[in-house]
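Hi,

Here is the structure I promised to pass on to you. Have a look at it first, and then read on for my notes.

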Amino acid sequence: MLDEGIDSKARAAAIRWARWRLGPLGFADLITRVDTSVLRYGRLVTRYAVRTGTWAEEAYAGGVNTSRHSRSSAPVRLETLDLWSGSPEALAEQSSHLVSCDPCQGAGQVTCPTCDGSLRADCSGCGGSGRRMSRARKNYSMVTCSDCRGKGTKKCLRCSKGLVSCGPCRGSGTLRRWLEVTTVQRTLVRAWPDEKALSAHKGLLEDSPRARQWQGAQALASVEHAGPLPDMKVGEAARSAGFASARSSLEPELEPLRGRILSQTLDVFEAPSATVCFEFAGRTGFVHLLGRDLKPTRARDTSSFHKRFWALLGTAVAGFFGVPFLAAAFSGRHAFYDEPSQSGLAMLAILGLWPGTWWWAATWLRRRRTGGAESPARWHDRIGMGLTGASALVLAGCFLFIQPSVSELARLTTAGRLREAGLHADLLESRGESSPAYVEARNAFVLARLPGMDNRAAIALIHHYMGSRNGTAPLEAELWKLREAWAHDALARGEEGPVEAELEALSIERAPASVLDGLRTRLEDFRITQGKAALEKGDLAKAIQILSRIQARTLVSERPEPLLTQAYLLQAHACPARDVRCRATALHDAVAVDHGETARTALTSFRGTELSRLARAAGSHTGGLGASLRELRSADEDASVLLSVLGSDAEVTAARAALLGRKEALLRDRFPLNEPVEVAQTLLGPSGLEMQRSDVLRVVDAPAGTLTYLFVGQGMTRGLYVTTPEHGQTGLAPTALQEAVKRFTGQEFSAKDLVRSGKGVAHVPARLGRHAALLGWHNDTLVEAQIGRVEP
């Protein structure tokens, strides 16, 4: 059956197969041997069925389940039963029997899952807790559940005496059980001698007639038999093809009592085949071909192809990341190397390394044989090595020999090509070049670059080249001129900040004293002029701010002290009548600036007036208690301001002590409740009360575990309300209540008022001397206390 020239056809088919799998060029040279033969093979198509049996059951309701139908034990054992001994219906009828229900043990009833047999189920209204949320008095609180009356459980309505009917047997206690048999049909197709070597035969491994119609093979025999195929019907063609030895591996593995072979079909074919062997990438491989067209099969060894693919892919990926890295390594050294004139050749060499290395790797893999030997090199095998070597040499030369020079810097400066000259100068400066020729060329470049530049950019350029301090005197002189010009422009615009910054920079740069003093004099004179203008306009705050910034008072043409004193005195005169801090601060600052008689006289007069007012405030008052406390508080605040501004003053200290003594006398034996609001504010301190609404004040520093409110009406504290932060959830401790009441009324509840043994919510009246009170209870838990008049 072999055609003439099958060897050459096999080689051509192998070359086509390698080309479609990205094989190497010249694959024909890698082929070492071609083995051809006529392959006789076949397939066995087995159709079989498998039965499975499971026990099914249902509730027994009597009736037809009598005598033969109602056995009390299973008539068969599933493990030893032949499921093909009868039809599924007959097996179900033969195996029907009665069994006791497992969940109820034949009793027909089980314990109620709702109450677990206790006849009491959890209340649905409160979830079994006995309490639920209520909105009494517009506050959320826990109250007794009305459904279960606080017990948490109710009578179970689902069961009878703690038992319910069993679900699986429906209360009968008996189940009818029978064998349920299912049948599944399958088809198994297997071929011999090797399925991989036969994969090119279309339809062979499928239950398809295409296998007999494939043009690449000749059908020798086809046998079909109902049930297992007898050995007498196998035929000589199948025996010669080795079917007898391979039959055990072709048939399905079936359990004797569960599976049955329905039919078997045996097909035998023969076709030309070839095995093409090759050596590549240091490994051997082969590919098996089948049919007259010699189509490739899955029987092959292509590990060398995989090695070549991953090696070339790794080389390509390394080149993809290596090219930007090498380009950055060259051009990233300095901006000098970013120029096309310097980087062009290097970029070309870097781009040549990538394909050269890839070609070199591909050539080495193609030439490599087993045992370390190599096939002879062809002319194009030297392209990769040559391109890689030439590119590497050029790139190394670019790294070593492309350098800036002093002569090129001088030439570019003279030619006016300052941008290119800057690249040379910048790189030479960063390398620490210090030769006299470089210093001269650098200074010439910097001075030529300055005209036309922005002032700040010019200063930055000079600073860049002054780091070495080698021959930088011309650059420093130019730098001082630039800073002085910038400061003069800022003064012309009326800006002081830039001038101060330039003075500080000139001081750091060790500029001559004449330059610093001249610029400082102009700045201070500018401030004197600005301060006078502000005084004339009446803008006293601005005038004081400007004149206070004068630092070198010996350099100005006019002394600033008289102007500052005048500004402070005018500011004190302009202060509001009752703003003691404003006037005291202004007069104190005026005396601190100028010790003249005018400022001292004004401060002495102001101090005497304030002492007289404090003395009057410490005397007797004709108004009520609230008005007296307000006046004393205001006078005490003014005395504190005077002491903080003027320092330790014996007369002011004595006046303040008199004020405190008067306030203590007014508050003696008084408590916050049923008094003017000023009494509560004074006793509790300025931060002791917090406004909740116009008639309610919250006590900030309340006793621990309490929430305390003062209710106000017509300027008087009318009521006190005490509760807990978790109102309605936690009780009010009697000790905390007594502490709060003692603090605000000076009295305490009697012990009998703080004890109750009742049910439900109630407000019990009580007395605190002249104060009426209500105590709020929830059962035997104290919840709140109301003293005096408390609005809801």
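Below are my notes, from the whole chain down to a helix and two single residues.

Please keep in mind that this is a predicted model.

**The chain as a whole**

The chain has 792 residues, and 40% of them are buried. Its secondary structure amounts to 23 helices and 20 strands. For the overall form, compare two numbers: a compact globule with 792 residues would have a radius of gyration near 28 Å, whereas the chain comes out at 55 Å. The C-alpha trace spans about 145 × 115 × 40 Å along the principal axes.

If you look at contacts between residues at least 6 apart in sequence, 63% of them link residues that are at least 24 apart. As for the surface, about 42,700 Å² of the chain is exposed, and 54% of that comes from carbon and sulfur atoms.

**Helix 8**

Helix 8 covers residues 382-401, and its length makes a neat check. With 20 residues at 1.5 Å a residue, the helix should span 28 Å, and this agrees with the 28 Å between its end C-alpha atoms.

Which residues of helix 8 are buried? They are Gly384, Thr388, Ser391, Leu395 and Cys398. Viewed down the helix axis, these buried residues fall within an arc of 95 degrees, so they line one face of helix 8. Their packing partners are helix 6 (303-331) and helix 7 (340-367). Arg382, Leu393, Leu400 and Phe401 lie on the other side of helix 8, where they are exposed.

**Two single residues**

Ala12 sits in helix 1, which runs over residues 6-20. Is Ala12 buried, exposed or partly exposed? Its relative accessibility is 32%, and because buried means under 20% and exposed means over 50%, Ala12 counts as partly exposed. You may also like to locate Leu294 in your viewer: Ala12 and Leu294 are 282 residues apart in sequence, yet their C-alpha atoms are 9.5 Å apart in space.

Asp636 belongs to helix 20 (residues 625-646). This residue has 14% relative accessibility, so Asp636 counts as buried. Leaving aside residues up to four places away in sequence, Asp636 touches Arg656, Leu659 and Leu660.

That is what I have for now. Happy to talk any of it through with you.

Best wishes

Key: Residues numbered from 1 in each chain as written. Predicted model: local features only at pLDDT ≥ 70, side-chain atom pairs only at ≥ 80, totals over all residues. Heavy atoms only, no water. Helix = DSSP H or I, 4+ residues; strand = E, 2+ residues; numbered from the N terminus. Buried < 20%, exposed > 50% of the residue type's maximum accessible area, 1.4 Å probe, protein only. Expected span 1.5 Å × (residues − 1). Arc of directions from axis to C-beta. Contact = heavy atoms within 4.5 Å. Rg over C-alpha atoms; globule rule 2.2 N^0.38 Å. Areas by Shrake-Rupley, 256 points an atom, 1.4 Å probe, with all protein chains shown as cover.
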